[in-house]
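The following paragraphs lead the reader through selected parts of a structure. Please keep the sequence and the model in view while reading.

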Amino acid sequence: MKRNKRILVFFISIFILVELSKGQNNRRTEVNVGVVTDVGTMHSDIEMRCINLSLADFYSSRPQFQTRLVPNIADSRNDVVGAAAAALKLIKNKQVMAILGPWTSMQAHFMIDIGQKSQVPIVSYSATSPFLTSLRSPYFFRATYEDSFQVNAIRSIIKLFGWREVVIVYVDNTFGEGIMPHLTGALQEINLSKMMTMPTRVFIVHMSTSLASRIFTKINEIGLMKAGYVWILTNGIADELSLINETGIEAMQGVLGVKTYVGKFKELEKFRARWRKMFPEMELNAFGLWAYDAITALAIAIEEAGTNNMTFSNVDLRRNVSELEALGLSQYGPKLLQTLSQVQFKGLARDFRFFKGQLQPSVFEIVNVIGTKERSIGFWTEDNGLVKKLDQEQQSVGALSTWKDHLKHIIWPGEANSVPKGWEIPTNGKRLRIGVPKRTGYTDLVGVRRDPITNSQVVEGFCIDFFKAVTEAMPYDVSYDFFPFEKSDGTPAGNHNDLVYQVYLGKYDAVVGDTTILANRSSYVDFTFPYTKSGVGLIVPVEDQVKRDSISFLKPLTWKLWLTSFFFFFLIGFTVWFVEHRINPDFRGPAKYQASTIFWFAFSTMVFAPRERVLSFGARLLVITWYFIVLVLTQSYTASLASLLTTRQLDPTITSMRSLIEKGEKVGYTRTSFIFGKLTEAGFPRSSLIPFDTADDCDELMRKGPENGGVSAAFMEVPYMRLFLGQYCKAYQVVEEPFSVDGFGFVFPIGSPLVADVSRAILKVAESTKGRDLEQALFKKKDESCPDPVTNPDPNPSTKSRQLGVDSFWVLFLIAFAMCVFTLGKFSFFFFKKSQVTNLWQEFNQPDRDSYLNRVEKCSCSSSRHMPDNNTQEVNQANSQ
């Protein structure tokens, strides 16, 4: 009944309008134009009233115009076929020069073909699908904005809040699908029952207003409008929020919308006031304004085109032709097409000008549904992006800006004030299926065993414990189950590459284990930040370079130092004897006795215990200097000898990977590792590569050596290397890290939002005591004497033990030599000065009677009391003769 009343009122208003236009001036040329609309609907009532008001306003302000548009209404009955039939009827029966409408993009699709074939322009003020542009029909004019224009505004909102994935909720028709190629993110067809189990919490809704009202009512009932969810409406809904009933608006609390912005200016405000006065029960929207401007543009274009050739070409009805072909061609169409393309004026919906057959927007308004209506929270402009006000200066979305710098306060679904993260693990969704490698060795990192009591598989190890700590550090709960990558017989189902590829195939949602981050793997999966140190180490056996034998005590010093030391022992002994001989009885006596005294005194200084006393000042100064030098020599010798006899001087048998390749040596690598591929790329033949599973296997291979079926060296990643050297550090050493890799990381599908959250959680755990405790528990030394190869990377220095040489003590020897020269020179100078005899040797053997030392009281324990004076005996023998 209500629909029939609307139809009656509608046709009465049209009849009155037509009669008024006839009565104004019977000499004016009436031009038939068609209007295809869904008669009786709310949007049709609004648009038709706008069309009527537009014609009345236009011709009342331009009485000089020679043409008058006569609207001919055809009901499309809210149907695609009905719209096409209405267009055919208008062209065939009314011979309209142009058609305004239809309402939907699906209806327009068929009408555009009809207009193209009959050369009748189709001007739509509501068909927004980008698909219509792809038809490339010059007779189609879009007096509205294409849906794809708003995509940049939606993208800016998503970028501003950092949401990484969105889901598009759309109608599976021309209107809904048209926008899909232009939107970024995860574009998925979904139904409401799936939404609860999806991790994505950001949804973009693109559909008709009537359907959106019903959809949101259902969405609210099933709990998808609570805190944490984000709903963004395209302008197809946001422009008609006033048409949604109270129940629908209540269900849409907190949603964001991208709305067409028409601005505020004097003419528009006057029209709005007149509208509210004339039609208080109807809310004016953007489509009504576009309808107003579209009929105005058509009136201007027809006036410009004139009234000539307003006919259709005749068709031979005797031919068997279709109804569409029977329409003929409008002779007026090409001229009207030209003038319509050039129309430009200031309309109610901002500047009106066709560019490539459609209007071009520059501003969209961002709204937030609060209470019973939407609230403006900002704008999007092509030049400045998201801004609170149109006169606001551009601000970049950077590290120092927040969303509050670009938009006003937002109330989110569930009356939340905090920005939703946009992605969560649903509590009622499926649990993550996490694949773990099945290893036979290095189970400290990741191991799979069967519980003897429950007969269930237990997954454990450092990688598993670290992943559990990471999930505990995440801001939401993550449910998961571990699935070993193994065959039915319990053996590994493949290597690490095979396991990672299962994530790409969708068998696993993630992989947790000793999986190295590699460039080739990252082409089909995403990795988190590494949670272990990176690198591949070359481990080689070491051997003791020092051969210990019966003359090892001579090895601390070089032969030059030995000879130099002996020489200076003799030099010092001789110098002291020479100076002390005339004044010290301990240094006189028979020739043999004096010679032995020289050597005895010299070498007894080695232990700082000479029997003979030194009396002269010069000799004492020389002996003190020599004592210091001997102390340094003996201490250095003792330290070097102790190091030689008690410390192993280990040197690696191999120094680089290149030497292994050049010699064609066999090398080992951890089984199922990517290292095999790296080694073949480096130049190792496959026959020289031998895999191993455990640290014991590696040790056995290197102990055997290549001659007995073993290997010369082994390549391991840093975590394996630390475990291996923690057990066998005394026999092996890391000499090189030939390959650079990024360490172990967790594996997820490409585009998974979990990657960023897990990576942030990895950093938290790594910097906490929990991470250090896990690492210490893994790398605790099985042999406590073994240092950590990472914190102390060279426990067995490869440098040889250095022998002590003359170069280490030449300054000391130079001082001793200078002292000897000085002492001998001083003694000789005074001796020659005082001596008056020609027999210097005889004078030298006589005691020095003038020395001040004769006045010094001698110790009774002097050896001179017991030793015959050889010089006195010689003098007595000479007198008796």
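Glu47 is buried (under 20% relative accessible area with a 1.4 Å probe, protein chains only), yet Glu47 has no salt bridge. A salt bridge here is a side-chain nitrogen of Lys or Arg within 4 Å of a carboxyl oxygen of Asp or Glu. The nearest side chain of opposite charge, Arg49, is 9.8 Å away; Lys and Arg count as positive, Asp and Glu as negative, and His and the chain ends are not counted. Residues that Glu47 touches (heavy atoms within 4.5 Å) include Trp103, Tyr125 and Phe287, leaving aside residues up to four places away in sequence.

This is a predicted model, in which local features need pLDDT of at least 70 and side-chain atom pairs count only at pLDDT 80 or more, while totals for chains, interfaces and linings use all residues. Residues are numbered from 1 along each chain as its sequence is written, and side-chain values use heavy atoms, without hydrogens and water.

Glu47 belongs to helix 2 (residues 42-61); helices (H or I, at least four residues) and strands (E, at least two) are DSSP runs numbered from the N terminus. Five parallel strands make an open sheet in the order 2-1-3-4-5, where strands pair if DSSP finds at least two bridges between them. At its edges are strand 2 (67-75) and strand 5 (140-142), each pairing on one side only. Helix 2 packs on this sheet and touches strand 1, strand 2 and strand 3 (99-100). Nine bridges link strand 1 (residues 29-37) to strand 2, and Asn32 has Val70 in strand 2 as its bridge partner.

Terms used. Buried < 20%, exposed > 50% of the residue type's maximum accessible area, 1.4 Å probe, protein only. Axes fitted to C-alpha atoms, helices over the stretch in contact; angles between N-to-C directions.
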